[in-house]
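Me: Please take a close look at one part of this model. Start from a single residue pair and work outwards, and keep it brisk.

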Amino acid sequence: MKTRAGFIALIGEPNAGKSTLLNRMVGAKVSIVTHKVQTTRARIRGVAMEGDSQLVFVDTPGLFQPRRRLDRAMVAAAWGGAADADVVVLMIEAHRGITEGVERILEGLAEIGEGRTVALAINKIDRVQSEVLLSLTQDLNTRYNFAETFMISAERGHGVDDLRTWLAEKVPEGPWLYPEDQIADLPMRMIAAEMTREKLTLRLHQELPYQLTVETENWEDRKDGSAKIDQIVYVVRDGHKGILLGKKGETIKAVGQAARAELEEFLGRKVHLFLQVKVRPNWLDEAERYSEMGLEFKDGNV
Ligand SMILES: Nc1nc2c(ncn2[C@@H]2O[C@H](COP(=O)(O)OP(=O)(O)OP(=O)(O)O)[C@@H](O)[C@H]2O)c(=O)[nH]1
């Protein structure tokens, strides 16, 4: 049997629908999807099988204009993922068209795209008329030499199979990179931290401090089959800690319950989850926090 395998980077502006597409392709929830932008911080990968091909997805943080150090690390990770990939898929939101952010991504692509296979996936086609779609496709294809254009709705699943079949043909011949039954190479600690962060996002909406990170400190597989997981939520200010805890600790308790329920479903076993909120004024400048998120710490002005 001739097998194929390769890395695929999904790039696009925040909110383009990368996580939604990844979840559809991989068929399991490995990346968090919320209505908030910039939810994807780590370079999360998922693995999909399509015939004899193995597709390894790199779900990159949204590409946006970096301002702060954390932002810059996220953008560097996104481009790093694209530069390492065998195939790049640029996701554009159909109803937003060629925004300033898209312009910048096209410029970035021109730099890394040389000799690389780059596909265009126009997402959220459920939100526009077909004429708009056609002119957007034409415009984008005059701006960059895309290998193929796909019109998709990641949410509804339209066009996703075609894209996956095409990707399966484009990845290079070679042995599979991961055992077939392994859907994601993301360490479980990180998935667990992402789940808690998702629950915090859902619970706090606008109140959620941007400067917040969740880390899994300890993971213990117990003899009785259950897992004991300790996590720390880092915030930069005392006031943020108060928001997270809520009245009599109600907020963090509800978050913990929701995260535990999802973890139990994901792992198929009992979970004991312990959350702690810590104030760490400088976590945004600490190298260790970055490596926990799979990001590279870069020196420079904040
Ligand atoms: N109408 C519509 N909405 C979609 C579609 N695909 C994704 N969305 C929505 O768009 C929002 C953003 O989707 P995500 O998958 O989180 O986007 P992302 O690109 O991963 O975002 P970041 O993590 O911020 O980089 C979510 O509310 C999705 O439900 C689609 O095909 N149609």
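Reply: Start with Leu90 in β4: its bridge partner in β5 is Leu120. This is a predicted model.

That bridge belongs to a longer run. Strands β4 and β5 (residues 117–123) pair in the parallel sense, over 7 bridges. β4 also pairs with β1 (residues 4–12), again in the parallel sense, over 5 bridges. Leu90 takes part here too: Leu90 is the β4 bridge partner of Ile11. So much for the pairing.

Now the cover. β4 spans residues 87–93, and 7 of its 7 residues are buried. Look at the two faces in turn. On one side, Val87, Val89, Met91 and Glu93 are all buried. On the other side, Val88, Leu90 and Ile92 are buried as well. Both faces of the strand are therefore covered. Glu93 is on the list of buried residues along with its nonpolar neighbours.

Next, the core. In soluble globular proteins, nonpolar side chains tend to be buried together. Here the largest nonpolar core has 42 residues. Leu90 is one of those that touch the most other members, together with Ile8, Leu10, Phe57, Ala121, Ile122 and Ile152. β4 gives this core its largest share, 6 residues.

Ile8 shows how these pieces meet. Leaving aside neighbours within four places in sequence, Ile8 is in contact with Val87 and Val89 of β4. Its other contacts on that basis include Ala85 and Asp86, the run Leu55, Val56, Phe57 and Val58, and also Leu167.

For context, look away from β4. Apart from the largest core lies another, of 19 residues, including Ile191, Met195, Ile229 and Ile252.

There is also an open sheet of 3 strands, in the order β7-β8-β9, with mixed pairing. Its edge strands are β7 (212–221) and β9 (271–279), and each pairs on one side only. Neighbouring strands of this sheet are turned by 20 degrees against each other on average, direction ignored. β7 and β8 (residues 227–235) pair in the antiparallel sense over 9 bridges. Within that pairing, Thr213 has Tyr234 of β8 as its bridge partner.

Two helices pack on this sheet. Helix α6 (residues 188–204) touches β7, β8 and β9, and its direction makes about 130 degrees with that of β7. Helix α8 (residues 250–267) touches β8 and β9, and its direction makes about 140 degrees with that of β9.

Back to the starting point: Leu90 has a bridge partner in β5, is the β4 partner of Ile11, and is buried.

Conventions: Residues are numbered from 1 along each chain as its sequence is written. This is a predicted model: local features need pLDDT of at least 70, side-chain atom pairs count only at pLDDT 80 or more; totals for chains, interfaces and linings use all residues. A residue is buried if 20 or more other C-beta atoms lie within 10 Å of its own, exposed if 12 or fewer, and partly exposed in between; C-beta atoms are placed from the backbone. Helices (H or I, at least four residues) and strands (E, at least two) are DSSP runs, numbered from the N terminus. Two strands pair if DSSP finds at least two bridges between them. A nonpolar core is a set of buried Ala, Val, Leu, Ile, Met, Phe, Trp, Tyr and Cys residues joined through C-beta atoms within 7 Å. Two residues are in contact if their C-beta atoms, placed from the backbone, lie within 7 Å. Axes are lines fitted to C-alpha atoms, for helices over the stretch in contact, and angles run from 0 to 180 degrees between N-to-C directions.
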